[in-house]
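User: I have a model open and would like to talk through how the chain is put together. Could you walk me through it?

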Amino acid sequence: MPNRKKDFINYLCFICVQSVAKEFFMLEKLKAEVCQANLDLVTEGLVIQTWGNASAVDRERGVIVIKPSGVPYSEMKPEHMVVVSLADGKGVEGKLKPSSDTLTHLVLYRAWPGIGGVVHTHSLFATAWAQACRPLLAYGTTQADYWYGDVPCTRKLSAAEIKTDYEANTGEVIVGTFKKLKYDPLQHPAVLVASHGPFTWGKDAHDAVHNASVLEFIARLNSETLRINPKIKMMQPVLLDKHFLRKHGPGAYYGQK
Ligand SMILES: [Zn+2]
């Protein structure tokens with residue numbers, strides 16, 4: 001074979017190996033991030049037993065990486081994470097079964113292109129509010145720094161929605177709640193699913209865990225606020241605007257730039 005042809009074939013092989021290696025490492029990095037996010041749920045005191053799950057999406061590859069079902073946190077490693085197709089929910093990689101809430105995560109990723117990570121917990125105070133079927137109204141600036149108003153609570157699922165496609169219907173009810181309220185999910189990064197518990201999201205899995213942690217704090221704060229004054233009304237809209245918009249959006253000026 002002439003040398004130039006040989007060189008060209010070698011070059012093509014090099015490019016091919018390089019792109020396969022890049023694909024491999026990108027997905028391995030995402031698995032490590034999702035595993036860490038799940039472990040952080042324990043560190044943050046947001047889950048016990050094997051409850052809760054965190055995931056992240058890779059929109060370029062059209063997959064999500066999610067926690068496996070029922071694996072104890074103490075044994076959880078990045079290689080246990082399960083890769084699932086964003087389009088049809090079919091398994092792409094991983095020997096274990098994905099979290100039983102995978103279909104809820106998929107519905108949220110498909111409906112909201114701006115989110116990169118999703119978390120579900122049964123953290124004590126946020127779940128208590130979900131069980132009480134009450135939204136978390138904004139009573140002060142702690143909430144206004146993260147939410148542009150309330151953390152909504154969904155309607156209850158119907159018997160038919162519970163009996164068939166329960167997990168996907170949970171996602172649909174969340175998306176429907178946001179549509180009805182005309183809420184931007186990036187301005188309200190959490191929901192309380194009635195009689196169930198909270199889901200949060202963010203730009204990646206780490207951000208979704210952070211929001212789950214803040215949500216638990218404000219759920220507790222609201223419980224305390226109402227205990228002191230059960231008649232308290234929502235904070236002034238002008239103060240809500242000030243606090244949310246100084247941290248988020250085009251006019252944000254909070255923090256180091
Ligand atoms: Zn749950």
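**The sheet and what packs on it**

Analyst: A good place to begin is the middle of the sheet in this predicted model, where β5 and β7 run antiparallel and are joined by four bridges. In that pairing, G117 stands opposite G202 in β7.

User: What does β5 pair with besides that, and in which sense?

Analyst: β5 also pairs with β1, in the antiparallel sense and over four bridges. A56 stands opposite G117 in β5, and the bridge partner of S55 in β5 is V118.

User: Are the faces of β5 covered or open?

Analyst: Both faces are covered, since G117 and V119 on one side and V118 and H120 on the other are all buried.

User: And how many residues of β1 are buried?

Analyst: β1 is mostly covered as well, with five of its six residues buried.

User: What is the strand order of the whole sheet?

Analyst: The sheet is open, has seven strands and follows the order β4-β3-β2-β1-β5-β7-β6, with antiparallel pairing. The edges are taken by β4 (91–93) and β6 (190–193), each of which has a single partner strand, so one side of each is left without a neighbour in the sheet. On average, and with direction ignored, neighbouring strands of this sheet are turned by 25° against each other.

User: What sits between β1 and β2?

Analyst: The two strands form a hairpin with four residues between them, and G62 in that turn has a positive phi of about 70°. The pairing of β1 with β2 is antiparallel and extends over four bridges, and it includes D58, whose bridge partner in β2 is V63. Going on along the sheet, β2 runs antiparallel to β3 and is joined to it by four bridges, with I66 opposite V82 in β3.

User: Switching to helices, which one lies across the sheet?

Analyst: α7 lies across β1, β5, β6 and β7, and it runs at about 140° to β7. Its buried residues are A205, A208, V209, H210, N211, A212, L215, E216, I218, A219 and N222.

User: Why does the length of α7 agree with what its residues should span?

Analyst: At 1.5 Å a residue, the 24 residues of α7 should span 34 Å, and the C-alpha atoms at its ends are 35 Å apart, which agrees.

User: What is the geometry between α3 and α7?

Analyst: The axes of α3 (residues 124–131) and α7 (residues 205–228) come within 7 Å and cross at roughly 65°, and the crossing is left-handed. From α3, the residues F125, A126 and W129 meet L215, E216, A219, R220 and S223 in α7. The residues of this contact divide into five nonpolar, one polar and two charged. L215, E216 and A219 therefore appear in the contact with α3 and are also among the buried residues of α7.User: How many residues of α2 are buried, and what covers them?

Analyst: Seven of the 10 residues in α2 (residues 102–111) are buried, which leaves the helix mostly covered. The buried ones are T102, T104, H105, L106, V107, L108 and Y109. Their cover includes β1 (53–58), β2 (63–66), β3 (82–85), β5 (117–120), α6 (166–181) and β7 (197–202).

User: Where does L86 lie, and what does it touch?

Analyst: L86 lies in the loop between β3 and β4. Leaving out residues up to four places away in sequence, L86 touches V57, G62, V63, I64, L106, Y109 and R110. L86 has 17 other C-beta atoms within 10 Å, and it is therefore partly exposed.

User: How far is L86 from D241?

Analyst: Their C-alpha atoms are separated by 35 Å, and the two residues are 155 residues apart along the chain.

User: To finish, what are the overall numbers for the protein?

Analyst: The protein has eight helices and seven strands, and 33% of its 257 residues count as buried. Its C-alpha atoms fill a box of roughly 85 × 45 × 35 Å, taken along the principal axes. Among contacts between residues at least 6 apart in sequence, 63% join residues at least 24 apart.

Note on methods. Residues numbered from 1 in each chain as written. Predicted model: local features only at pLDDT ≥ 70, side-chain atom pairs only at ≥ 80, totals over all residues. Buried ≥ 20, exposed ≤ 12 C-beta atoms within 10 Å, placed from the backbone. Contact = placed C-beta atoms within 7 Å. Axes fitted to C-alpha atoms, helices over the stretch in contact; angles between N-to-C directions. Left-handed = near helix turned anticlockwise from the far one by under 90°. Nonpolar A, V, L, I, M, F, W, Y, C, P; charged D, E, K, R; others polar. Pairing = 2+ DSSP bridges. Expected span 1.5 Å × (residues − 1).
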